[in-house]
2 protein chains.
Amino acid sequence: MAARMKDIAEDLGVSLMTVSKALRLHSDISEQTRERVLRRARELDFQPNLIARSLVTRRTYLVGVVIPDLMHSFFAEVATGLSRRLAPHGYQTVVANSDENAELEGSQIEMLLSRHVDGLVIASAQENWQSRMPGPLREGKIPYVLIDRMPDMAGIDYVGTRDEEVGALATEHLIQQGCRRVALIRGPGTPNARRRLQGYAETLAKHRRALDLNYVAVGGCDDEGGYRAARQLLGLKQPPDGIFCHNDPIAAGAIKAILEAGLRVPQDIAIIGAGNVRYSDLLRVPLSTIDQGSTKIGETAAEFLMESFNSKSNLGGRTVLLEPRLVVRESSRRSG
Amino acid sequence: MAARMKDIAEDLGVSLMTVSKALRLHSDISEQTRERVLRRARELDFQPNLIARSLVTRRTYLVGVVIPDLMHSFFAEVATGLSRRLAPHGYQTVVANSDENAELEGSQIEMLLSRHVDGLVIASAQENWQSRMPGPLREGKIPYVLIDRMPDMAGIDYVGTRDEEVGALATEHLIQQGCRRVALIRGPGTPNARRRLQGYAETLAKHRRALDLNYVAVGGCDDEGGYRAARQLLGLKQPPDGIFCHNDPIAAGAIKAILEAGLRVPQDIAIIGAGNVRYSDLLRVPLSTIDQGSTKIGETAAEFLMESFNSKSNLGGRTVLLEPRLVVRESSRRSG
DNA sequence: CTGAAAGCGCTAACAG
DNA sequence: CTGTTAGCGCTTTCAG
């Protein structure tokens, strides 16, 4: 069996407490004793049992991360940002996949709570977070941060993107590029998808253009959906000459459909996505996109959590909305 | 505070043990008592404290996953396969990013061991696993499976791809497509990169072609590296007319360099990658690739671990080498 | 079928 | 500076 503090204590003829303190570099231990303890610990390749420690300190140095799909690079980037900020402080992350399934999400969260993680980061698959929220979270027993999917209630920590602005930036850009009929391939029914739609609509209005629902197609979450939605738009008597896609995978699928139809991107139809996914630059046509700072979202969530850990009072209700940034590549560049 | 078993016991006027057994559905509890306990537990929204349980059962239902880069979709896919297989059995995964850094990898593993995870899955960034392997792993105290990067020693569980075959399939394909000068952009210094090189070399030999080291460039791990390596190859007096790239990101970077140089893919230079990453089909030029069954790798590793958990004896030394599969897309299709 | 005793490995609080 | 006492919340073992 692995060495315990007790073993070190017996070997050295000191008490268990002395060992415990020496190992944690408490000040009230003589230089000499500390040395002896540390040396013996090294010899035995001693590692403290974090489970036992957690049981008494009530800190696990574990953060639960609940996301719908690790394979969607947006979430992989968030998770990376998160653990990059957390790791230097000794935290590790338990990553749970909810598969976009509200029920599974719930049970994963319960298990994480059973494990007494110090905090949670959740991209919820719930349609309305309010009703399904597990008790301990509702009661503010444990700090948690929602990301990406914005909660429909106040008082909750949230990190995401200014989604109206995402829609507005993209739409404005397409109009500036001379597009006459700007379409939208919208994502799932989540609140933040709705907000992008809103930014799209407002920008059209600003330019005194009518919002034509024929130009709003539903695209699901991935390239498959984007492909189908684009084909649908291409079937209109007056197909669009610019499309804002809810995310980059959707945009990639749309481009595929357009090229297959014998049209050119951006000359016939300009395309812009959102997310600035890692390989957007290498796609069929280098993809213009709206950068959401996905890594930054993870980093910010990490900071929120660590602030909560170090503050006894409940800081709930902090919100950071990252400012989206237009990234112009070939798929939408018509001028110059 | 959250409810404890003790609370339930007191409320019901039974002993703590009765509660413990009832909750775990032990058979030696009367139907009636069990009902009472379960009901009260539900009322109090009781969740067992897994930390306390772990301390005594010595099982955490936690699996450590150590990978170099979550943002590389190959690893995201492995992680997904892993947790998909593990979750139904009540396991969760602690994911640690090693950032391709051997030292960080080591400390993350130590921490996972301190947490007493039940097992580990590691894509090691160590040049030679043998020497740096943490003690408890060396002594077989805890089950672990290496993935992707093959260990240079026997007796270790490993799940990966038949890497010689990856190299051979790709090279053979390029030759079949009529390439005269087949180059290789190799990955990092890991054993499996070496093995792909070997498959490449053997296939050249089989066709009585000389192995010209000018045609072997070093590409790092990502698209940046692929871009640079390709530019280097393009600088040769006799540039290659076919390139096998160690992975898809590298291939994507190489394609970028080639197109920028005013050459065509595949007409001037045919390209094939490896990994069959999710969006390979949507790249600049749809990318031919060698599928490594990344999700399957995760699933298999999960099964290895669970077998180990359920068997007292050490099963070490199991190896699964998945058979790679050629996926031909446009980037290498010259005939027909 | 039920419960009392003992302890997992560690730390907080306080006494010497 | 060092050690003693008393748990953390649960399970294992064994006696009633």
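This is a short walk through how two chains meet, what sits around a DNA strand, and how two helices cross.

Okay, a quick caveat: this is a predicted model, where local features need pLDDT of at least 70 and side-chain atom pairs count only at pLDDT 80 or more, while totals for chains, interfaces and linings use all residues. Residues are numbered from 1 along each chain as its sequence is written, with chains lettered from A and ligands numbered from 1 in the order in which they are written.

So, chains A and B. Their contact takes 40 residues from chain A and 41 residues from chain B, where contact means C-beta atoms, placed from the backbone, within 7 Å. On chain A's side, helix 5 (73–86) and helix 6 (102–114) are among the elements supplying at least two residues each; helices here are DSSP runs (H or I, at least four residues), strands too (E, at least two), numbered from the N terminus.

There's strand pairing as well: strand 2 of chain A and strand 2 (residues 92–97) of chain B run antiparallel over three bridges, and pairing takes at least two DSSP bridges. In there, A:Thr93 stands opposite B:Val95.

Now the DNA. Which residues come nearest to strand D? Out of 25 around it, they're B:Arg4, B:Met5, B:Ser20, B:Asn49 and B:Ala52; "around" means a C-beta atom, placed from the backbone, within 6 Å. Helix 4 of chain B gives the most to that surface, five residues.

Last one: helix 2 and helix 3 (residues 31–43) of chain B. Their axes, lines fitted to C-alpha atoms over the stretch in contact, with angles from 0 to 180 degrees between N-to-C directions, come within 9 Å and cross at roughly 85°.

How values were computed: Contact = placed C-beta atoms within 7 Å.
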